[in-house]
Amino acid sequence: MAASRAKTRGPVWRITVGLIKLGLYVTLLAFVALAVAVGIAMSSLPDYETLQSSPNGQTVRVRAADGSVIFAMGPSYGQWLRHDEIPEIMRDAMISVEDRRFESHFGVDPIGIARSVRVRIERGSWVQGGSTITQQLARNLFLTNTRTFGRKIREMILALAMERTFTKEQILELYLNRVYFGGGAYGIDAASRRFFGHSARDLDLSESAVIAGLVKAPSRYSPTADAQAAIGRAGVVLDLMVETGQITQSEAAAAAPDDVSLAPQPRRNSVRYFTDWVLNQLDLLVNETRAPIDVWTTLDLEMQAQAVNSVRAHTPEGAQGALVALDRDGAVRAMVGGTDYVTSNYNRAVTAVRQPGSSWKLFVYLAALENGYTPEDRVVDEPIDWNGWQPRNSSGRFSGEMDVRSAFAYSVNTVAAQLGAEVGLHTVANMAQRFGITTPVNTHPSMVLGTSEVRVIEMARAFASVAARGVAVDPYGIVRVTMEDPETREEIDLHVTEIDQSRVLVAPYVAAEMTDLLQTAVATGTGRAAQIGRPVAGKTGTTSSNRDGWFVGFSSGLTTAVWMGRDDARRVGGLQGGRAPARAFADFMRYAVSSRPVEEFATDVTLPEWQLEDQDDAYFGDPFQDEIFVDENGMPIGTPGGPIPDRYGDGSQPGNMDEDWLDEVLRRSEGDRRAEQEPAQPFPNEERDDPPPAIRDQEEVPTQ
């Protein structure tokens, strides 16, 4: 009977045994092939130190004066944390949500794969992934995210190779320092700083649950994109940690992901004019191009916010506005390059060149004060004819004799023209370049009323140098540039800005007299709208047909320049320096200096001996024999006794000095009183305020 059963089952048995043997052979071959593939992969893996090194792509973080990050460029990798530096609660959270059998599997988790396949069959799509932490790391380091069978096989082979090359601690350390958490943050330290504002070394349970929940879908669960989604996902992580025994139910209940304090997000729109400006300077300061660096800047975020609000509130419709605020050492505390960076990233504060109108008179009066005038000296507002150019005042009238202080306060154009003629156009141009104007300065007579184009930041620089009692102030935005030492993990300096306060532009008494004039212009003159309840010195400016409006001034150690106008230089109705720009200045400065002590201006003047001599006994000698002009770099132009500069911009250079030309110089310096009293030609750029009746309507009337 036994023989009969064997005979009956013989063919089936043989087929079954054959299939089993074939399966064993195939399995053995597959195992051998897998072993060979894993061996090859192991031999090709980089060493652990190489995998720890920073990835390609430098991260640059720009920080405000308070240290907060206001702009980040490039991917953020944070600090590399060793396994023992990563909080245990963070490691447990990640393992619970991403790979609960991480400690026991060999790189690939068959149970996880089976679960993933079962869910795929039940739901008809891939809902759960079966990848382990090791597989995810292999994919992040060596592969792409394409969903193909071939990529999955390579991922498994690499995971098996990594498990046999590195320890579990090393794999988890690599994973937590390299995985993407969204918001440009790679690694838990970058994510912690990005979302919570502190190092990952200080993560608590709630914060760890939020970060661990991001890996599945960084964009969907980002706390900065959808806080509620992030909180909900963190709750799932806490439940999984309870399920895997990493925390107790009471610990999970005590956690409060919804109470997690998120770091404030960078104010990208309002600060981008400033960050663009400082980042353009970075290549000149440091050579580091690979390691992440931090750029520590001078920007005061509260001042910046107020500057943006002030410019937007007062800029006329259809126009643009710009503002630069400098501290007493040149630190840029606020910069607004336009009303909205998103719609226009053109930086009008540092790039655009515009006519300054009567704010340019700063240089005319500085030149006059340096050449012997004082605020009390008497001048005459009367018609003048300068080689056919006849500047006029906005009222069309002339007020006669007045002092220099009143002429400046009410921006009397004829007096500015007389002073420019007397000291010489090249002297005024030289003064402007001395105080930091780098744009070309024309020497046409109308230049004295502000027809040479300037930049907003350079006008702020010039006025700040007057506030500094004649010492040069150089604007700067970068305090230092740092990076982390890869060996010691300590912060090292790549660059530290040094402030040079040694260059004296004018004598202190000249700066004090100029401050006196500027203070009067705000107290009683055209800049009254800039008053803020404490001493302010400044000057308005308006150009032809109200194309540009300016106010530049200083108080309590802070200098601010405001410009408004259209990019196409078309007329802006009602735009005058004493109105919208002065009001924006006042709005900003009231807030910006509110926490600073009130400072009275140092306007007491000790005149040099040559100005105290009896004029009849003073020896003046040749008026131009010993005069040397310098360019913006301080280099001499011409030599004493050499060719005389074209002081009047009329092309009538006489060569070397002779008696006839000297007579003409003296005649012009005394003023030409013989000009006919005929109505002045129409003249643009009128700012109408209400000065005293004697000099009413004498406000900004620059050139034609």
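Biologist: Of the 704 residues of the protein, what percentage count as buried?

Modeller: 51% of them count as buried, where buried means under 20% relative accessible area, exposed over 50%, and partly exposed in between (1.4 Å probe, protein chains only). Keep in mind that this is a predicted model, where local features need pLDDT of at least 70, side-chain atom pairs count only at pLDDT 80 or more, and totals for chains, interfaces and linings use all residues. Residues are numbered from 1 along each chain as its sequence is written, and side-chain values use heavy atoms, with hydrogens and water left out.

Biologist: How many helices and strands are there?

Modeller: The secondary structure comes to 23 helices and 16 strands. Helices (H or I, at least four residues) and strands (E, at least two) are DSSP runs, numbered from the N terminus.

Biologist: OK, sheets. What is the strand order in the open sheet of five strands?

Modeller: The order is 7-6-14-13-12, with antiparallel pairing; two strands pair if DSSP finds at least two bridges between them. Strand 7 (332-336) and strand 12 (537-542) are the edge strands, each pairing on one side only. From one strand to the next, the twist averages 5°.

Biologist: And strand 6, how many bridges does it have with strand 7, and how many with strand 14?

Modeller: Strand 6 (residues 320-326) pairs with strand 7 over four bridges and with strand 14 over seven bridges, antiparallel in the first case and antiparallel in the second. On the strand 7 side, Val324 has Met335 as its bridge partner and Ala325 has Ala334. On the strand 14 side, Gln320 stands opposite Gly565.

Biologist: What about the hairpin of strand 6 and strand 7, which residue takes a positive phi there?

Modeller: Gly330, with a phi near 100°. That hairpin has five residues between the strands.

Biologist: Why is strand 6 described as largely enclosed by the rest of the structure?

Modeller: Because seven of the seven residues of strand 6 are buried. Gln320, Ala322, Val324 and Leu326 point one way, Gly321, Leu323 and Ala325 the other way, and all are buried.

Biologist: Which helices lie across that sheet, starting with the one over strand 6?

Modeller: Helix 14 (residues 301-314) lies across strand 6, strand 7 and strand 14 (558-565), at about 35° to strand 7. Helix 20 lies across strand 12 and strand 13 (548-555), at about 65° to strand 12. For those angles, axes are lines fitted to C-alpha atoms, for helices over the stretch in contact, and angles run from 0 to 180 degrees between N-to-C directions.

Biologist: Thr520 is in helix 20 (residues 508-523). Is Thr520 buried or exposed?

Modeller: Buried, with a relative accessible area of 17%. Leaving aside neighbours within four places in sequence, Thr520 is in contact with Arg405, Ala409 and Gly525, contact meaning heavy atoms within 4.5 Å.

Biologist: Switching to the largest nonpolar core: which of its 92 residues touch the most other members?

Modeller: Trp360, Phe363, Tyr365 and Met514. A nonpolar core here is a set of buried Ala, Val, Leu, Ile, Met, Phe, Trp, Tyr and Cys residues joined through side-chain atoms within 4.5 Å. Apart from the largest core lies another, of 55 residues, including Tyr48 and Ala93.

Biologist: What does Phe363 touch, not counting residues up to four places away in sequence?

Modeller: Val428, Met431, Ala432, Phe435, Ile437, Met459 and Ala462. Val428, Met431 and Ala432 are among the buried residues of helix 18. Helix 18 (residues 425-434) is mostly covered, with eight of its ten residues buried, and is followed by Gly436, whose phi is positive, near 105°.

Biologist: Different spot: at what angle do helix 5 and helix 6 cross?

Modeller: Roughly 110°, with the axes of helix 5 (residues 133-142) and helix 6 (residues 149-165) coming within 8 Å. The two helices are therefore roughly perpendicular to each other; angles under 35 degrees count as roughly parallel, over 145 as roughly antiparallel, 65 to 115 as roughly perpendicular and the rest as oblique.

Biologist: Last one. Where is Gly213?

Modeller: In the loop between helix 9 (205-212) and helix 10 (218-221). Gly213 counts as buried at 1% relative accessibility. Gly213 and Ala93 are 120 residues apart in sequence and 8.7 Å apart in space, C-alpha to C-alpha.
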